[in-house]
Amino acid sequence: MAATKFVLAFAICRLIVTVGFTVVPVELLRLGIEGRLSVETSDVEKASADFGMLTRAVPLAVMEPGSAEDVARLVEAAYESAQGFTVSARGHGHSINGQAQARKGVVVEMSSRKRMMRVWEKGRYVDVWGGELWIDVLKATLEYGLAPKSWTDYLYLSVGGTLSNAGISGQTFNHGPQMSNVYELDVVTGKGELLTCSEERNTELFHAVLGGLGQFGIITRARVALEPAPHRVRWIRVLYSNFSAFTKDQEFLISLHEKPSKERFDYVEGFVIVDEGLINNWRSSFFSPSNPVKIESLKSDEGVLYCLEITKNYQHEDADIIDQEIEAMLEELDFIPKTVFTTDLPYVDFLDRVHRAEVKMRSKGLWEVPHPWLNLFVPRSRIADFDKGVFRGILGNKTSGPILVYPMNKNKWDQRSSVVTPEEEVFYLVAFLRSAVDRQALRMLSDQNRQILSFCRDASIEVKQYLPHYATQEEWRDHFGDKWARFSHLKALYDPRRILASGQRIFKPLTAATSDM
């Protein structure tokens, strides 16, 4: 232990000389943790960047915790430190704008080690480490014939990370976001307290942390609800040339959420197509290369098509009736005739579909590039105006990635959480998931994002950002609206020194080490 502390002290001193750190939290040398505290260049560099590749912030050190107690010791040391330092939890590093970074602080690599998961078969829930990836949760629970109810499109994200934002996908209309499917949490607050919270215990903290952007605590354990896992998925895409028909059908489908399973789909999403390259290349295995979709062959509004994406889960023993159920539901929809594209695959393969696209993009060098993503919640009453001004206006034929659009039911979201959504009972996610292959593309896409936000502001479309990013506290106040007073009060209560998740830039940390932020 003494040798380890000597090496760590030497490395920190080297960082002071070479990088210019002026504050050395001596508390880091006294932690006595089970895991690993590193100032190695490779570890620090990794924690300095994220998936977005839009910003970089160099931490003082990186922790790979051996337990929840390690996280608590670290945060308590920061809280009690005279000089202070920030602490940010990092899962798979999939944030866009440096939200999990900690300039001159300590980044906790929550996904650095796999943990044992405990599946409670009778109770239908699983206890998981906050840094566990959803793909591993899926694999573990499937061994019992069970699976979580609600998902994100991409499974290589950490449990704590998605619960701190909400966690949404095509199942959200039915089951709510992932944060609505959690029974209990273990959380390390900004004072270094390790607390268990739920609907019955530390309730205020429980709801604050869910969707709380990491501001009130670091999730070290989550108890996630499970349901019987289907064997297979019938995955269907149909095309629309008329936006009104597209959204009418989407809203009809999510209105069926209380119906028996045989009378509704299990997943409802959609995306916008402004050039045929997107539909024929993105997740291209879905469409037949021998029969590509030609936009010019379909009559569309100003060259824009809309694709409804739906699925029906089923067990092997129901294979002989699934077609009949699907055909009955499709008869209710108003898509372009003869544009039904269907595939059938195992449940796990459907859930892990985006990872397959990732593998292809990595092979072409198109994954580790800047991602100027923009995710918006748009009120149902203004989605047609958004379509006209953005999809058929600002975008032109310049997309550079998928543009998702699908509705959700507000009554599936617990309003006691920290997440902010539009006031209307139905609202849409519009997600611009673009990649910039060079600096010119990055400037163009970033400018488009600003144009989109300006259009919404000028047109009085009261959108709310999902995975929000703002430059000033005034913008954050506007984002949270009526929730701001409670949000700031709870920050003072659970993280009074503003140690946690400083990369979100909601509150300025009260530490000497970050006085220049």
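These are my notebook entries on contacts, cores and backbone angles in a predicted model.

**Ground rules**

I work from a predicted model, in which local features need pLDDT of at least 70 and side-chain atom pairs count only at pLDDT 80 or more, while totals for chains, interfaces and linings use all residues. Residues are numbered from 1 along each chain as its sequence is written, and side-chain values use heavy atoms, with hydrogens and water left out.

**Overall counts**

I looked up the secondary structure and found 16 helices and 18 strands in the protein chain. Helices (H or I, at least four residues) and strands (E, at least two) are DSSP runs, numbered from the N terminus. The chain has 517 residues, and 59% of them count as buried. I use buried for under 20% relative accessible area, exposed for over 50%, and partly exposed for in between (1.4 Å probe, protein chains only). The accessible surface of the chain is about 21800 Å², with 50% belonging to carbon and sulfur atoms. Those areas come from the Shrake-Rupley method with a 1.4 Å probe, and for residues only the protein chains shown count as cover. I then checked contacts (heavy atoms within 4.5 Å). Among those between residues at least 6 apart in sequence, 75% join residues at least 24 apart.

**Salt bridges**

I searched the whole structure for salt bridges and got 26. The criterion is a side-chain nitrogen of Lys or Arg within 4 Å of a carboxyl oxygen of Asp or Glu.

I noted Glu-199 with Arg-416, where the closest N and O atoms are 2.8 Å apart. Glu-199 is in the loop between strand S9 (194–198) and helix H7 (203–209), and Arg-416 is in the loop between strand S16 (403–409) and strand S17 (426–432), 217 residues apart. Glu-199 is partly exposed at 35% relative accessibility, and Arg-416 is partly exposed at 40%.

Next I took Glu-325 and Lys-312, a salt bridge at 4.0 Å, N to O. Glu-325 lies in helix H10 (residues 322–330) and Lys-312 in strand S13 (residues 305–314), so this pair ties together parts 13 residues apart in sequence. Are Glu-325 and Lys-312 buried or exposed? Both are buried.

I also logged Arg-356 with Asp-349, at 3.3 Å between the closest N and O atoms. Asp-349 is partly exposed, with 24% relative accessible area. A network of salt bridges links Asp-127, Glu-184, Asp-186, Arg-221 and Arg-223.

**Aromatic rings**

The same kind of search gave 30 aromatic pairs in the whole structure. Rings of Phe, Tyr and Trp (its six-membered ring) pair if their centres lie within 6.5 Å; planes under 30 degrees apart count as stacked, over 60 as edge-to-face and the rest as tilted.

Phe-216 and Phe-487 have ring centres 4.9 Å apart and planes at 70 degrees, so I entered the pair as edge-to-face. Phe-216 is in the loop between H7 and strand S10 (217–228) and Phe-487 in helix H16 (residues 484–494), so the pair joins parts 271 residues apart in sequence. Phe-216 is buried at 1% relative accessibility, and Phe-487 is buried at 2%.

Trp-235 and Phe-350 are edge-to-face too, with centres 5.3 Å apart and planes at 75 degrees. Trp-235 belongs to strand S11 (residues 232–240) and Phe-350 to helix H11 (residues 347–351), 115 residues apart in sequence. Trp-235 and Phe-350 are both buried.

Phe-350 also has the charged end of Arg-353 over its ring, 4.2 Å from the centre. The test is NZ of Lys or CZ of Arg within 6 Å of the ring centre and within 35 degrees of the ring normal. The charged end of Arg-115 sits over the ring of Trp-129, 4.2 Å from its centre.

**Nonpolar cores**

A nonpolar core is a set of buried Ala, Val, Leu, Ile, Met, Phe, Trp, Tyr and Cys residues joined through side-chain atoms within 4.5 Å. Which residues touch the most other members of the largest core? They are Leu-163, Ile-168, Leu-185 and Trp-413, out of 77 residues. Helix H4 (residues 134–142) gives the most to this core, with five residues. Apart from it I found another core of 43 residues, including Phe-265 and Phe-432.

**Backbone**

I checked phi and noted positive values at Arg-498, near 55 degrees, and at Arg-505, near 60 degrees. Most residues other than glycine have a negative phi. Arg-498 is in the segment after H16, and Arg-505 is placed there as well.
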